[in-house]
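Visitor: I'm new to this one and would like a tour. Could you show me the structure, and then I'll ask how to read it?

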Amino acid sequence: MPVGCRSVRASIRTTLAMLAAILLPARPLRAQADYHRAEQALTWNELRLVYGDYIAPQWMRDGNRFWYRVTTPRGPEFVVEDPGLMRRAPLFDNARLAAALSLAADTSYDPTRLPFVAFRFGDDGRDETHIVFQAHRKRFVCDVVRYACVAGDTVPSALPYVRSPDGKWEAFIRDHNVYVRAAGSSDSTALTADGARLNGYGEEARRPTQILHPRPQRPTLQWSPDSRRIAVPQFDERHVLDMPLISMTSQRPRMFTYPYALPGDSIIPTFDIHILDVAARTNVKVDVPPQNAQDNGLTGMQDSTWISVHWGDASDRLYFTDADRGPRHVRLMVADAATGRATTILTDSSRTYVELNLESGGAPDWTPVDGGAHVIWFSERDGWGHLYLFNADGSLANRITSGAWTVGDLVHVDPVGRWVYFTARGREPGDPYYARLYRAHLDGTGLELLTPEAADHTIRMTPSGRYIVDTYSTVRSAPVTVVRTPDGKVVQTLEKADIGALLATGWRYPVPFSVKARDGVTDLYGVMFLPANFDSTRKYPVIDHIYPGPQIIAAPKSFYPTSSPALEYSTMGQVEALAQLGFVVVEVDAMGTNLRSKAFHDTWYADMHDNGIPDHVAAIKQLAARYGFLDLDRVGIYGHSGGGFASTDAILSYPDFYKVAVSSSGNHDNRSYYYGWAERYQGLLVRDTARRSDNYAAAANKTYVDRLKGKLFLIHGDMDDNVHPANTIQMVDALIKANKSFDLLIYPDRNHGITQEPYLIRRTWDYFVQNLLGATPPHDYRIAPPPE
């Protein structure tokens, strides 16, 4: 082409561009101030303006008193509480302690920002005049009476060493075997010798993240009450197939492999139970086949805690549960600690899967009582989660609870008064998700509500059983923490959260709502988050923040923002921050989530393609009919992990309703996800060789990529050893083959927990601002990271 022609064409293009700029309306720019306001609404920034919202009691040796750390306008403070005397007092003077610390460390410490959040009392808790903690790679011992501190070298973490109940011994793992030593001694004795890599005692194979970022870890074992024996699992992952991950940020990429069973695999991780006698140096294997080492709330582990075993009071018997894959069947068994001989006490089963506690992360609700003559047992056998009392021979003694409501956590058993203390939901009028504390006699009589406030209650009972620490709130009322006696009477108010500074910023309470489910009958509950500068005469795009469960709910029931770990998923989504950019953000707990009836929970069992999305669509349509400020032509959705799976599923299944989706770390095809979770909710994998398919294919997002119409943003960490990045890469492959446009972000050297990464948050904001709000975000806005 001649040069002159090129210049004429370039001139024409320039002229057309100028005319377009004049004639076409510009996309509105989201001002830097909008993003700054959103940044201030990030949880870690809002929490600086909330005081006294959450406490975590640390019990002292007498089983009644406790200390806790609480935030105040003056900075965090440490408080000691004696409920017997109804006396709340500072544990120490922050200013005097900071001065003593500064002198010992030859540096300056601010009394409003002491360099520790936890400590232990001296002499293993016996000396309450001294506290011991680590800060800035040094170990400090401080006298909090005379206010003198001594700094020393950092000592190894005590976490890997499990102290015996009598305080005389410590058990730990070395080279995959169990060792014991006298407390405080360096001399140790091996109690096992056959532990090996992938076949070790008290520890499972390390994941790549644990190798890259090693941290002390508590071994999985349990001392007997008399400190004579140790129950410990010996894991077997030797023939489990590996998953690979590659870290590619160094000049020479580094590959990691780790055992990871998928649905349908013939070999899964298992463990045998061993009972070790410390004095006799004997090792007795419990006489049952290897158990499934699946994190399912029935057997196996939970954050290194062996949740599925209980020692008998006399230390001569070990109670444990045994479940099949699914799990559809569970047995409660008891083993003789001396011989390892095991017998079955009772069994439970379900057409779908068995639960022993509906609370996410809760320990199984069962325990032997009356010296083993009876067992308290949780079951959904009548369609609701309730407590039963069984005899030692497995026959039913009586029901403890009944009705169209569900038991949560088994909190405490009073053997003298024969009371069982437990949380429950749905028994009282109003929001069925509010957890309240109840008690009933072991024979099922005398049911009492102990926390009558219409709110969500977080319950902690003192080890003595003499006092209850109760923090309660709603999304419309700030937390209050009180001390109660076992009959529920409030004897002291410890903390009332101060949210005045938060309100002064223009912060709005979330709006709770109730709507009907897809069936037009069942009540669903959720929360809306509005911008601080909300104007009811405007139309706002809607963003659906989704986590489908089935093992948890997403919408908060108690006050938010909070430092309580109970509202983790709302924090992961940073819902309030997103609302400040001009959106209404919605969270709703659809059918198929936990904490209600068994039928409600099982709504889409074996059909994870459902993900509760029909209920989300129905809820948003009802809200739009109720509130004129919701714009149904501009609806987006986002979520992480299971929410990443569900948000992509939503834009593919309802392409004319959801216009934009942001999906991070999604398990888009559960055939590539952890077997223990996938088999629980989709069922065992069944292959159809004639059709070259299986019963998981219809639930995989890649099956539906041809339906994509809107804007899809996929995100994944390339070192995610929970939801392997293969889940997202398989989606990318299918989208490319379908000739679909999409956006992708691979986060280098990041594991599953990427939701609080400032860059990811900003990119999520930008994507919704551009594609749902129709505006231009500020260029490369930088969000400050959360404080350490």
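Visitor: How many nonpolar, polar and charged residues are in the lining of the second largest cavity?

Guide: Five nonpolar, one polar and two charged. Here Ala, Val, Leu, Ile, Met, Phe, Trp, Tyr, Cys and Pro count as nonpolar, Asp, Glu, Lys and Arg as charged, and the others, Gly among them, as polar. The lining includes Arg 69, Phe 78 and Thr 112, around about 40 Å³ of space. Before we go on: this is a predicted model, where local features need pLDDT of at least 70 and side-chain atom pairs pLDDT 80 or more, while totals for chains, interfaces and linings use all residues. Residues are numbered from 1 along each chain as its sequence is written, and side-chain values use heavy atoms, leaving out hydrogens and water.

Visitor: What counts as a cavity, and what lines the largest one?

Guide: On a 1 Å grid over the protein atoms alone, a cavity is a set of points where a 1.4 Å probe fits but cannot get out; lining residues have an atom within 4 Å of a point. A volume is the space filled by probe spheres set on the points, which are joined across faces, edges and corners. There are three cavities of 30 Å³ or more, and the largest holds about 170 Å³. It has 16 lining residues, and Met 572, Gly 573, Tyr 638, Leu 760 and Thr 764 are the closest to its centre. The largest share, four residues, comes from α14. Helices (H or I, at least four residues) and strands (E, at least two) are DSSP runs, numbered from the N terminus.

Visitor: How should I read a salt bridge?

Guide: Side chains of opposite charge can pair when their charged atoms come close. The rule asks for a side-chain nitrogen of Lys or Arg within 4 Å of a carboxyl oxygen of Asp or Glu, and the count comes to 42. In one of them, Asp 124 meets Arg 163 at 2.0 Å, N to O. Asp 124 lies in the loop between β5 and β6 and Arg 163 in strand β9, so the pair ties together parts 39 residues apart in sequence.

Visitor: Are Arg 425 and Asp 456 buried or exposed?

Guide: Both are buried, meaning under 20% relative accessible area; exposed is over 50%, and partly exposed is in between (1.4 Å probe, protein chains only). Their side chains form a salt bridge at 3.6 Å, N to O. By contrast, Asp 124 is partly exposed at 34%, and so is Arg 163, at 30%.

Definitions and conventions: 1 Å grid on protein atoms, 1.4 Å probe; cavity = no way out; pocket = protein on both sides within 12 Å on 5 of 7 lines; lining within 4 Å.
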